[in-house]
Amino acid sequence: MLTSMVKIKDLHKSFDDLVVLDGVSLNVEIGQNMVVFGRSGTGKSVLLKCLMRLMIPDSGEIFIKDKNVLNLNRNELNELRKDIGFLFQGSALYDSMTVRENLEFPLVRNFNLQQDEINDRINRVLEAVDLSDAIDKMPSELSGGMRKRIGLARSIITKPTLMLYDEPTTGLDPISSKEISTLIVDLQHAFKMTSIVVTHDVLCAKIIADCAIVLDGGHIVHEGTIKELLTAEDPFLKNFFSDKVIKNNGRN
Amino acid sequence: MKFQKDKLFAVTQHQLSSFFETLAGLSIFSVRFFKEVFLPPYEIVEIKKHMIELGMKTLPIVGVTGFIIGLVMTMQLQPVLQRFGAEAFLPGSIGITIVRELGPVITALIFAGRVSSGIGAELGSMRVTEQIDAMEVSGVNPFRFLVVTRVFATTFILPILTVYVIFISLIGSYIAVVLVQNMTWEYFTGRVIFAVEFADVIPGILKTFVFGFIVGIVGAYLGFNAKNGTEGVGKASTTSVVISSLLILVFDMVLVKLTLWLWPNVN
């Protein structure tokens, strides 16, 4: 029986002389919401991109639902990707398409659905992110927060069982950031998804996470619940989180 | 002095290696295009959309250029032919020049400036804003959806634009003729049709398929592989124009030689 959604074994990735991931191993259980912390440039986004095979690691193994991602052929990989949602840092909405077309795109391309079913799904996800009236707008007409919400709607429209979030609250004001974090939790409960969230935002992590890891120097240096990490006596963690908390408080 | 020489040598070496790297990458990218173009799903709607969009975008500028080229060339050639008492050959010689060489090459160069840079910028911006990655993770092959459709569209729209430019150039040429002498449109076109042979038209039009392919593939290659944010997008856009224009001229030379070898009676 499947218990692990994601299993990473001894993952290595370098860019020329720069070692970004140096033997990362990780296990994410089904239904778990894991947050990945780390300073900028410590390979958090690279880890997510390796999971989706947008980047090929130098060595190591990645299993998603017991399938070795690095050994799948193109069709098998596309099949697996249909079951994974990915929210990009900048939302990555297709500029030349309206919100409706953005949401339709993965459905029309990958699923043999009737137009009624497609419309129904679009309406449902737009209601979920509270942006029903933006359906005919172009991405350029949306604010940063709205773009994130539409990006989120596009990621969940295929009803994925695994969601990957790359800095979901970056660039947003504290209120929008809190709203997005709460929305992510609500959607996780509604759609019963497992998720991996890369973020710097402690407030976001507190709202979302069941457990967290901290990446530094290409390794996982700490692992535990958010509470454990926030109250740890380790100087690195104290420095990392105290600074963050002060900044967040300052903003709020 | 020696320092400057070394610097110049290093810059030249870097530019040459970067040029050949681009050419090698472009060749691999073209091979991938030919592998993917025959595989389903065939994005007919997207291809049609791009053909209409690119055609409409370029139609006015190539039209104006074609008109001016026809007009100016006639204004230049008329006194020369008059000097040799060969004025009667004016419509024929203009027709042959435009159909064989100027029409296809000028249209392709204008098309490269307008379209190759546009494709480079569009795909480059999609790359740096992770839209191509988003397409990939949603289980869609971005190469087939973005590259194959655009290259197919440029390959098949350029010959149509070239025929249009040839026609407009002849109108320009006719206007230049009637400004200085009396000649009916029927007589003018009759002389052109009499002079221009099948063997002039076919190679002239056929090579525009190659030019169209070059415009599309260069823009798509540089855009699809753009790096370094907005700076990379700008670079992809400008480099697309430079490389596609250069390749159009190089391939024109090769194709003219090939045409003369295949049809030795064309003279």
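This report walks through the sheets of chain A, a helix pair in chain B, the nonpolar core and the contact between the two chains. Please keep in mind that the model is predicted.

**The sheets of chain A**

Let us begin with the open sheet of four strands in chain A, which runs in the order β2-β1-β4-β5 with antiparallel pairing. Its edges are taken by β2 (18-29) and β5 (67-68) of chain A; each has a single partner strand, so one side of each has no neighbour in the sheet. Within this sheet, β1 (residues 4-15) of chain A is joined to β2(A) by nine bridges in the antiparallel sense. If you would like a spot to look at, find A:His12, which stands opposite A:Asp22 of β2(A).

Chain A also has an open sheet of six strands, ordered β6-β7-β8-β3-β9-β10, and here the pairing is mixed. At the edges stand β6 (84-87) and β10 (219-224) of chain A, and because each has a single partner strand, one side of each is left free of a neighbour in the sheet. On average, neighbouring strands of this six-stranded sheet are turned by 15° against each other, direction ignored. A:Gly85 has A:Met163 in β7(A) as its bridge partner.

The two strand pairs described for these sheets are set out here.

| Strand pair | Sense | Bridges |
|---|---|---|
| β1(A) and β2(A) | antiparallel | nine bridges |
| β6(A) and β7(A) | parallel | four bridges |

**A helix pair in chain B**

Turning to chain B, helix α1 (residues 2-36) packs on helix α5 (residues 142-180) at an angle of about 95°, and their axes are 10 Å apart. This angle makes α1(B) roughly perpendicular to α5(B). On the α1(B) side the contact is made by B:Arg32, B:Phe33 and B:Glu36, while α5(B) brings B:Phe143, B:Arg144, B:Val147, B:Val148 and B:Val151. Sorted by class, that contact holds five nonpolar and three charged residues, with no polar ones.

**The nonpolar core**

The largest nonpolar core has 128 residues, and those with the most contacts inside it include A:Val35, A:Leu164, B:Phe111 and B:Val215. Helix α3 (residues 90-128) of chain B supplies the largest share of this core, 17 residues. Beyond its neighbours within four places in sequence, B:Val215 touches several residues, among them B:Phe111, B:Val115 and B:Leu158.

**Where the chains meet**

The contact between the chains takes 14 residues from chain A and ten residues from chain B. On the chain A side, α2 (74-81) and α3 (99-110) are the elements that give two or more residues. The most comes from α3(A), with four residues. By class, the chain A side has eight nonpolar, three polar and three charged residues.

Notes
Residues are numbered from 1 along each chain as its sequence is written. Chains are lettered from A and ligands numbered from 1 in the order in which they are written. This is a predicted model: local features need pLDDT of at least 70, side-chain atom pairs count only at pLDDT 80 or more; totals for chains, interfaces and linings use all residues. Two residues are in contact if their C-beta atoms, placed from the backbone, lie within 7 Å. Ala, Val, Leu, Ile, Met, Phe, Trp, Tyr, Cys and Pro count as nonpolar, Asp, Glu, Lys and Arg as charged, and the others, Gly among them, as polar. Two strands pair if DSSP finds at least two bridges between them. A nonpolar core is a set of buried Ala, Val, Leu, Ile, Met, Phe, Trp, Tyr and Cys residues joined through C-beta atoms within 7 Å. A residue is buried if 20 or more other C-beta atoms lie within 10 Å of its own, exposed if 12 or fewer, and partly exposed in between; C-beta atoms are placed from the backbone. Axes are lines fitted to C-alpha atoms, for helices over the stretch in contact, and angles run from 0 to 180 degrees between N-to-C directions. Angles under 35 degrees count as roughly parallel, over 145 as roughly antiparallel, 65 to 115 as roughly perpendicular and the rest as oblique.
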